[in-house]
Amino acid sequence: MAKALPAGTAALDVRATTPQPGGTFVDAASEFTGSLKLQKSVHIDGSIEGELECSATVTIGPSGRVTAHIRAESVLIDGEVHGDIEARTEITLRKSARVYGDLKTEGIVIERGAKVEGQITIGPSGGGSTRHATANGGSEVSSAATLATSKPAQSR
């Protein structure tokens, strides 16, 4: 049997608000400063400053503003990040992404229009090739990563 809440207390809505069930959601009106360690996925539409470590996926929505060192399994960015990012499997920068910091990952997807200012290291355990991204780096970085991992053309 459910207990009644005291007068003036709002009920907590516990329905999933992100595609990953059981994840954490930081809404656009929320701010967090400090060290945040998570075992499950997190979706950030608010503001986070400090350190962010996640054993799953970190998603930064279009209104998300993160000033932190991010370490995660994978990272998907639609918003803005100031700080270095380390993703074990993949970093995805959507066209609205704005990233100011170094990226290190085994795989990367950069949509045309994404902005990156920093070094990008691609490969297992950071042992891949490094390219410097330009201010409008989307397609240039994407092409450089493809060329760096493909076999050289043979001449006839």
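Two strands are said to pair if DSSP finds at least two bridges between them. Strands here are DSSP runs of E with at least two residues, helices are runs of H or I with at least four, and both are numbered from the N terminus. With that convention, β5 and β7 pair in the parallel sense over seven bridges. I shall return to this pairing after some remarks on the model.

This is a predicted model, in which local features need pLDDT of at least 70, side-chain atom pairs count only at pLDDT 80 or more, and totals for chains, interfaces and linings use all residues. Residues are numbered from 1 along each chain as its sequence is written, and side-chain values use heavy atoms, with hydrogens and water left out.

Let me begin with confidence. The score pLDDT is the predictor's confidence in each residue, on a scale from 0 to 100. Its average over the chain is 78, and 65% of the residues score at least 70. Two segments stay under 50. For residues 9–20, the model has eight contacts beyond four places in sequence, a contact being heavy atoms within 4.5 Å. For residues 126–156, there are 39 such contacts. Where pLDDT is low, the predicted coordinates should not be read in detail.

Next, the overall architecture. The chain holds 13 strands and one helix, and in sequence order the helix comes after the strands, as the pattern β-β-β-β-β-β-β-β-β-β-β-β-β-α shows. The chain has 156 residues, of which 37% are buried; buried means under 20% relative accessible area, exposed means over 50%, and partly exposed lies in between, with a 1.4 Å probe and protein chains only. About 9,400 Å² of the chain is exposed, 51% of it supplied by carbon and sulfur atoms. These areas come from the Shrake-Rupley method with a 1.4 Å probe, and for residues only the protein chains shown count as cover. Among contacts with a separation of 6 or more, residues 24 or more positions apart account for 4%.

I now return to β7, residues 85–93. Besides β5, which spans residues 65–77, what else does β7 pair with? Strand β9, residues 103–105, runs parallel to β7 and is joined to it by three bridges. Strand β10 is likewise parallel to β7, again with three bridges. Individual partners can be named for each pairing: S74 stands opposite E90 of β7, E86 has K104 in β9 as its bridge partner, and I91 has I108 in β10. In a regular strand the side chains alternate between the two faces of the sheet.

This brings me to the interior. A nonpolar core is a set of buried Ala, Val, Leu, Ile, Met, Phe, Trp, Tyr and Cys residues joined through side-chain atoms within 4.5 Å. The largest such core has 31 residues, and the members touching the most others are I44, V58, I70, I77, I85, L93 and L103. At least two residues of this core come from each of β2, β3, β4, β5, β7, β10 and β12. As one example, leaving aside residues up to four places away in sequence, L93 touches I77, V99, L103, V109, I110, E111, A114 and V116.

Directly after L93 in the numbering comes R94, in the loop between β7 and β8. Beyond four places in sequence, R94 touches L76, I77, D78, E111 and A114. Its C-alpha lies 9.4 Å from that of P62, although R94 and P62 are 32 residues apart in sequence.

Which residue forms a salt bridge with R94? The partner is D78, with the closest N and O atoms 3.3 Å apart. A salt bridge here is a side-chain nitrogen of Lys or Arg within 4 Å of a carboxyl oxygen of Asp or Glu. D78 is in the loop between β5 and β6, so this pair links distant parts of the chain, 16 residues apart. R94 is partly exposed at 31% relative accessible area, whereas D78 is buried at 14%.

By the same rule there are five salt bridges. In another, E53 of β4 and R71 of β5 meet at 3.4 Å, N to O, across a separation of 18 residues. Both are partly exposed, E53 at 33% and R71 at 28%. A further bridge connects E117 and K115, also at 3.4 Å; E117 is partly exposed at 36% and K115 at 22%. Finally, salt bridges with shared partners join E51, E53 and R71 into one network.
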